[in-house]
Amino acid sequence: MNRAQQIGGASCGAIAQYLNDRGVPPPGGGKQWYSSSVQRIARNALNKGVLYWGVESAPDTPPVPHTQSSVTGREPIRHDHFIDPLIPPAEFDRVQAILDGKQALWTRRRASRPQYLLTGKLCCTHCKRLMYGMRQRSGKTMRVYYRHHQYRDHDDDRCAWSGRSVRAELMDELVLAQVGNLLADGQLDLLIQSHLERLTSAESIDAFAAERARLTEHVKQWKRQLKKATEAYTRSDSPVVQDSFQLQIDTLGRQIDIGIADLDALDKRDEEVQRLGREQAGFLADISSLREQIASQPMQRIIIEQVVDSVVFDFATATAEIIVRLAPSS
Ligand SMILES: [Zn+2]
């Protein structure tokens, strides 16, 4: 079979279908041919007699000719004229060019219209169930949708929008436009700023400082009392009096340990608040760079991931409420 000639005229998927229809057994004992299995064969340089060795384990290192490679070398090896070419080398190269072109086209398409931008984020306003991405043929074109969870008829909590779907491109556009607005007019900055302010509000800082001062004062007091009790213990000759001071010393010792541990915990909380503050400040800086990139379509997926926590969609009004992510992703 002249595989290369067929790939020149038909897609890998069509060739796989052709082979399946004729009952040709697929390679490696699989159940059927896939577009990818056809592509693997078409991409194999053995078709023009060249053997590559070790390319998978070092994809970024250019292969060296087998005559120049060392036995222990880790670089991939290229062995020209390993076997007689199965097809004319020029034809093999032409097929590679076609496949490269198709791949580049797909990469561009995916970048310009990312599918299911909102997977894991989009949910129904009524039942809060997540909606999922779905492809469905409509006439000759394949369309992508977000679909509402399909309830069973007898489910008690059955939502009225069960099984309904909405076109994915329209949904994505709606959400991107809203995120664009949030970024453009500085609303997002305000939201984050107010979140940060609540976190480090004067009230909570005052309460923190008061608590710390109170504990520090107590620990000081207990230490003074401990000193006095120890001195009194040493001065006394009576075992009964000594026992009562010993009890006081033990109690004060425990109180001081607990007080110091509490102070440590307070300091850790303070560090945590400061850390959150720094993270939010970093997030704000990210946001301002995102604002400049929202127009670039390949960036939209990243922006949605960074900014949007969830999208609540209302089928009744066809409106989406965007819940902004206020904590930076770790
Ligand atoms: Zn619902």
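**View 1. An open sheet of three strands, in the order 5-6-7, pairs antiparallel throughout this predicted model's close-up.** Strands here are DSSP runs of E with at least two residues, helices are runs of H or I with at least four, and both are numbered from the N terminus. Two strands count as paired if DSSP finds at least two bridges between them. The model is predicted, so local features need pLDDT of at least 70, side-chain atom pairs count only at pLDDT 80 or more, and totals for chains, interfaces and linings use all residues. Residue numbers start from 1 along each chain as its sequence is written. Strand 5 (132–138) and strand 7 (165–167) are the edges: each has a single partner strand, so one side of each lacks a neighbour in the sheet.

**View 2. Strand 5 meets strand 6 (residues 141–147).** Seven bridges join this antiparallel pair. Look for Gln136, whose bridge partner in strand 6 is Arg143.

**View 3. Helix 5 (residues 168–184) packs on the sheet.** Helix 5 touches strand 5, strand 6 and strand 7 (contact: C-beta atoms, placed from the backbone, within 7 Å). Its direction makes about 70 degrees with that of strand 7; axes are lines fitted to C-alpha atoms, for helices over the stretch in contact, with angles from 0 to 180 degrees between N-to-C directions.

**View 4. Strand 8 (residues 308–314) pairs with strand 4 (residues 122–124).** Three bridges join these parallel strands, and Cys123 has Val312 as its bridge partner in strand 8.

**View 5. Strand 8 and strand 9 form a hairpin.** Four residues lie between them, and Ala318 in the turn has a positive phi of about 55 degrees. Six bridges link strand 8 antiparallel to strand 9 (residues 319–324), where Ile322 is the bridge partner of Val311.

Technical notes. Two residues are in contact if their C-beta atoms, placed from the backbone, lie within 7 Å.
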